[in-house]
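Please work through the two exercises below with the structure beside you, and try each task before you read its solution.

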Amino acid sequence: MERKFREDILVSDEKAKLQPDRIWELLKKTYWAGERDMDTVLRSIENSLCFGVYEGEEQIGFARCVTDYATMFWLADVVMDERFRGQGIGKMLIETILGHERLQGLTGLLATRDAQGFYSRYGFEPLDVRFYRKRPVQKPEESGQD
């Protein structure tokens with residue numbers, strides 16, 4: 001699936017087009033993924049429905065959906081190069097994701113600290129106190145403890 005935005009911007013779900021080094025570079029600047037190593041980024045790409053945003057040959061944006069393709073998807077790692085923000089490209093990315101044929105009829109979830117207004121335009125609503133998370137347990141060598 002590919003979708004053009006203007007003449008110079010393309011959104012694609014083709015994994016072969018993804019530029020993992022560039023994705024890692026973009027994610028390192030975020031509050032939620034800044035500590036991820038490259039191996040983690042590669043595994044997340046491998047196990048997700050991914051969307052790349054490109055200006056020519058340069059990847060300028062990324063998003064991925066973790067999904068069972070039957071009941072739900074988790075929208076994650078939505079990131080746009082700072083140079084391209086405020087141009088409507090992020091809106092086009094979200095519209096493309098939500099219109100993707102493999103996500104139709106599924107419940108979408110996401111977490112955000114600062115973009116509630118943006119996502120509410122697309123029908124995302126806050127959840128109540130029944131929503132929980134479990135963080136991974138750190139191994140002693142990772143936490144600095146013995």
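The exercises that follow concern one aspartate and the sheet around it.

The model is predicted, so that local features need pLDDT of at least 70 and side-chain atom pairs count only at pLDDT 80 or more, while totals for chains, interfaces and linings use all residues. Residues are numbered from 1 along each chain as its sequence is written, and side-chain values use heavy atoms, with hydrogens and water left out.

**Exercise 1.** Find where aspartate 13 is placed, and decide whether aspartate 13 is buried or exposed.

*Solution.* Begin with the chain: aspartate 13 belongs to the loop between β2 (9-12) and α1 (20-27), where helices (H or I, at least four residues) and strands (E, at least two) are DSSP runs, numbered from the N terminus. Next, aspartate 13 is buried, a word that stands for under 20% relative accessible area (1.4 Å probe, protein chains only). Aspartate 13 nevertheless has no salt bridge, that is, no side-chain nitrogen of Lys or Arg within 4 Å of a carboxyl oxygen of Asp or Glu, and arginine 102, the nearest side chain of opposite charge, is 7.4 Å away. Finally, a polar atom of the aspartate 13 side chain lies 2.7 Å from the backbone nitrogen of methionine 1.

**Exercise 2.** Trace the order of the strands in the sheet, and explain why β1 and β6 (107-109) each have one side without a neighbour.

*Solution.* The six strands form an open, mixed sheet in the order β1-β2-β3-β4-β5-β6, where two strands pair if DSSP finds at least two bridges between them. Because β1 and β6 stand at the edges with a single partner strand each, one side of each has no neighbour in the sheet. Going inward, β1 (residues 2-5) runs antiparallel to β2 and is joined to β2 by four bridges, and four bridges also join β2 to the antiparallel β3 (residues 49-55).

Technical notes
Buried means under 20% relative accessible area, exposed over 50%, partly exposed in between (1.4 Å probe, protein chains only). Lys and Arg count as positive and Asp and Glu as negative; His and the chain ends are not counted. A polar contact is a pair of N or O atoms within 3.5 Å; within protein, one must be able to donate a hydrogen and the other to accept it, and residues adjacent in sequence count only if both atoms are side-chain atoms.
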